[in-house]
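Work through these exercises with the sequence and the structure open. Try each task before you read its solution.

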Amino acid sequence: MHQTTFIHPSKIQRSWYQASAKGQVLGRLATRVAKVLMGRTKADWTAHVDNGDFVVVTDADNVAVTGNKLETHIYRFHSGYFGGLTLMPLGKLKEKHPERVIELAVKRMLPKTIQGRHMLKRLKVYKGATHPHVGAKPQLLP
């Protein structure tokens with residue numbers, strides 16, 4: 001009979017991973033990133049402990065989108081005021097803020113809890129090929 005072991009929050013060791021979005025399909029990249037942020041790729045994954053890693057995504061402006069989603073996929077933003085609804089197609093959002101497209105895709109795959117918000121803070125997305133986290137020596141995303 002095996003005993004279930006849970007990781008203690010003080011024993012968590014976070015790694016850094018890097019992925020280039022160049023030519024990668026948005027949804028497939030987002031799922032890989034979300035799994036690493038949640039810690040689902042680790043052997044000691046525990047549901048109630050946030051033991052995920054940091055992820056740096058570069059080349060956000062070159063992420064691929066399949067089909068005609070650039071015109072048909074609509075993002076909805078609301079300011080909180082009456083008449084404050086803004087509808088923006090994926091193509092326009094990708095043109096203005098390519099980082100936000102990846103952030104939103106990953107955010108919607110994470111748990112909608114306080115733990116999920118902490119996971120999202122470990123995601124770093126950059127438009128170009130360079131990033132300021134070189135000192136952390138990120139490995140390639142699994």
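**Exercise 1. Write down the order of helices and strands, then describe the chain as a whole.**

Step 1. From the N terminus on, the order reads β-α-β-α-β-β-α-α-α-β-β. That gives 5 helices and 6 strands. The model is a predicted one.

Step 2. Take the extents. The C-alpha trace spans about 55 × 35 × 30 Å along its principal axes.

Step 3. Look at burial and contacts. Of the 142 residues, 36% are buried. Count contacts between residues at least 6 apart in sequence: 69% of them join residues at least 24 apart.

**Exercise 2. Determine how strand 3 and strand 4 are joined.**

Step 1. Strand 3 covers residues 74–78, and strand 4 covers residues 85–89. The two run antiparallel, with 5 bridges between them.

Step 2. Check the register. L85 in strand 4 has H78 opposite.

Step 3. Inspect the turn. The hairpin has 6 residues between its strands, and G80 adopts a positive phi near 100°.

**Exercise 3. Decide whether L87 is buried or exposed, and find its patch partners.**

Step 1. L87 lies in strand 4. Its relative accessible area is 52%. Exposed means over 50%, so L87 is exposed.

Step 2. I74, L85 and L87 make a nonpolar surface patch of about 270 Å².

**Exercise 4. List the buried residues of helix 4 and name elements that cover them.**

Step 1. Helix 4 spans residues 98–107; P98, V101, I102, L104, A105 and V106 are buried.

Step 2. Recall the helix geometry. An α-helix has 3.6 residues a turn, so residues three or four places apart point the same way.

Step 3. The cover includes helix 1, strand 2, strand 3, helix 3 and strand 5.

Conventions: Residues numbered from 1 in each chain as written. Predicted model: local features only at pLDDT ≥ 70, side-chain atom pairs only at ≥ 80, totals over all residues. Heavy atoms only, no water. Patch = residues over 30% accessible without salt bridge, like charges linked within 9 Å, V, L, I, M, F, W, Y side chains within 5 Å. Areas by Shrake-Rupley, 256 points an atom, 1.4 Å probe, with all protein chains shown as cover. Salt bridge = Lys/Arg side-chain N within 4 Å of Asp/Glu carboxyl O. Helix = DSSP H or I, 4+ residues; strand = E, 2+ residues; numbered from the N terminus. Buried < 20%, exposed > 50% of the residue type's maximum accessible area, 1.4 Å probe, protein only. Pairing = 2+ DSSP bridges. Contact = heavy atoms within 4.5 Å.
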